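This report goes through burial, cores, ring contacts, charge pairs and backbone angles in turn. The sequence and structure come first.

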Amino acid sequence: MGHKVVVFDISVVRALWETRVKKHKAWQKKEAERLEKSALEKIKEEWNFVAECRRKGIPQAAYCKNGFVDTSVRLLEKIERNSLTRQSLLSKERDKRRSAFVFELSGEQWTELPDSLKEQTHLKEWHISNTLIQIIPTYIELFQAMRILDLPKNQISHLPAEIGCLKNLRELNVSFNHLKSIPPELGDCENLEKLDCSGNLELTELPFELSNLKQVTFVDIAANKFASVPICVLRMPNLQWLDISNNSLTDLPQDIDRLEELQTFILYKNKLTYLPYALLNLKKLALLVVSGDHLVELPTALCDSSTPLKFVSLMDNPIDNTQCEDGVEVMESEQDRQHFDKEFLKAYIEDLKERESVPSYTTKVSFSLQL
């Protein structure tokens, strides 16, 4: 029995395929016409347009016209341009409103505050720096809205008792002046959060009345002549940052653990010979910077990697204040040197915080600097 051979006419197969192709194209055309007449495509276009406007922060009322969405691309560009312009104007207006409450003064040509300042009692901020001004006038008590007194690098020799009348004061910066004391009336500024008295060189104590400052989170009294941590500081329950470097501390109080919120404690360039075990009770303490060349004893737990504390020990290498190039000797002022010290340490600490992994203990690091 022989094999059967099936024979097809190729023209029949091609005709069948072409018929199917024509039917498919006819269906596609019909579907396209249906979608063109349908509202779905228009709704989709409007939705995409609205989503783009929302992404660019353009309000809905701006792209609606007579209750319908105008999907003109040119309109979108115009609205976006107008929105950016409006935001810029608002920013300038905010800056203008803010400047109306801020007083700024700088330059050695100023030896006293301008007389017109007395009439601007609406001011909320003073920013005065690098002047030869020595006195803050008693009429400061008139500035009841004052929130920030930023007075670094002047020649201020004392603060008036009337500063205690500033009940809304949040920040006081009198660093790198010539203060020898702080008025006890400052303790009446019960809303104070930040106090910076660093670099005055002659401060030896803070008045006990500052114990009333329960909102303070930042205290910087570096580069002065403190022989111990002020008692009032130990009674600031919300204190998070304490810098008492470049002073004359020989020990730390055993009740240093009263500062339960303390996170950063800077002690370098003092005369400490040991660190008390009480430091380990400060559960939130994350960074301790301390001079290393006088230490003979410290809690071994400081080096324990299981604690959040980062202990950095810095040797007290004095900065060379002379430079003998060309036979010329350059002397640096004590305040300038202390300011450089603080800026250097600040940059070092910021770099330390930004690292992904920080060693739990850093051994003595010697910084030898020549200016």
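## Burial and the cysteines

A residue counts as buried when its relative accessible area is under 20%, as exposed when that area is over 50%, and as partly exposed in between. The model discussed here is predicted. Cys 197 has a relative accessible area of 0%, so Cys 197 is buried. Cys 232, at 1% relative accessibility, is buried as well.

A search of the whole structure finds 0 disulfides. The sulfur of Cys 232 is the nearest cysteine sulfur to that of Cys 197, yet it is 9.6 Å away, and Cys 197 is in no disulfide. Cys 232 is likewise in no disulfide, its nearest cysteine sulfur being that of Cys 197. A disulfide needs two cysteine sulfur atoms within 2.5 Å, so a separation of 9.6 Å does not qualify.

## Nonpolar cores

In soluble globular proteins, nonpolar side chains tend to be buried together. Here the largest nonpolar core has 65 residues. Trp 126, Leu 149, Leu 172, Phe 265 and Leu 275 have the most contacts inside this core. Two or more residues come from each of the elements β3 (102-106), β4 (125-129) and β11. Another core, of 5 residues, lies apart from the largest one and includes Ile 266, Tyr 268, Leu 287 and Val 312.

The surroundings of Leu 172 can be listed in detail. Leaving aside residues up to four places away in sequence, Leu 172 touches Leu 149, Leu 159, Ile 163, Leu 186, Leu 192 and Leu 195. Lys 194 and Asp 196 are also among the residues that Leu 172 touches.

## Aromatic rings

The whole structure contains 4 aromatic pairs. In one of them, the ring centres of Tyr 139 and Phe 143 are 6.4 Å apart and the planes meet at 35°, so this pair is tilted. Tyr 139 and Phe 143 are both buried. Phe 218 and Trp 241 make a stacked pair, with 5.7 Å from centre to centre and 20° between the planes. Phe 218 is in strand β8 (residues 218-220) and Trp 241 in strand β9 (residues 241-243), so that this pair links distant parts of the chain, 23 residues apart.

Phe 103, Trp 126, Tyr 139 and Phe 143 are linked into a cluster by ring pairs. Trp 126 is also one of the residues with the most contacts inside the largest core.

Two lysines are placed over ring faces. Lys 194 lies over the face of Phe 218, 4.9 Å from the ring centre, and Phe 218 is the ring that stacks with Trp 241. Lys 124 lies over the face of Phe 101, at 4.9 Å from the ring centre.

## Salt bridges

Side chains of opposite charge can pair when their charged atoms come close. The structure holds 3 salt bridges. Arg 170 pairs with Glu 193, with the closest N and O atoms 3.9 Å apart. Arg 170 is in the loop between β5 and β6, while Glu 193 is in the loop between β6 and β7 (194-196), so the bridge ties together parts that are 23 residues apart in sequence. Glu 193 is partly exposed, with a relative accessible area of 37%.

Lys 225 and Glu 202 meet in a salt bridge of 3.5 Å, N to O. This pair links distant parts of the chain, 23 residues apart: Lys 225 is in the loop between β8 and β9, and Glu 202 in the loop between β7 and β8. Lys 225 is partly exposed at 44% relative accessibility, and Glu 202 is partly exposed at 36%. Glu 261 and Lys 284 form a salt bridge whose closest N and O atoms are 2.7 Å apart. Glu 261 belongs to the loop between β9 and β10 and Lys 284 to the loop between β10 and β11, so parts 23 residues apart in sequence are tied together. Both ends are partly exposed, Glu 261 with a relative accessible area of 24% and Lys 284 at 42%.

## Positive phi angles

Most residues other than glycine have a negative phi. Lys 153 has a positive phi of about 60° although it is not a glycine. Lys 153 lies in the loop between β5 (148-150) and β6 (171-173) and is partly exposed, with a relative accessible area of 34%.

Lys 269 also has a positive phi, near 60°. Lys 269 is in the loop between β10 (264-266) and β11 (287-291). Its relative accessible area is 16%, so Lys 269 is buried.

Technical notes:
Residues are numbered from 1 along each chain as its sequence is written. This is a predicted model: local features need pLDDT of at least 70, side-chain atom pairs count only at pLDDT 80 or more; totals for chains, interfaces and linings use all residues. Side-chain values use heavy atoms; hydrogens and water are left out. Buried means under 20% relative accessible area, exposed over 50%, partly exposed in between (1.4 Å probe, protein chains only). Helices (H or I, at least four residues) and strands (E, at least two) are DSSP runs, numbered from the N terminus. Rings of Phe, Tyr and Trp (its six-membered ring) pair if their centres lie within 6.5 Å; planes under 30 degrees apart count as stacked, over 60 as edge-to-face and the rest as tilted. A charge sits over a ring if NZ of Lys or CZ of Arg is within 6 Å of the ring centre and within 35 degrees of the ring normal. A nonpolar core is a set of buried Ala, Val, Leu, Ile, Met, Phe, Trp, Tyr and Cys residues joined through side-chain atoms within 4.5 Å. Contact means heavy atoms within 4.5 Å. A salt bridge is a side-chain nitrogen of Lys or Arg within 4 Å of a carboxyl oxygen of Asp or Glu.
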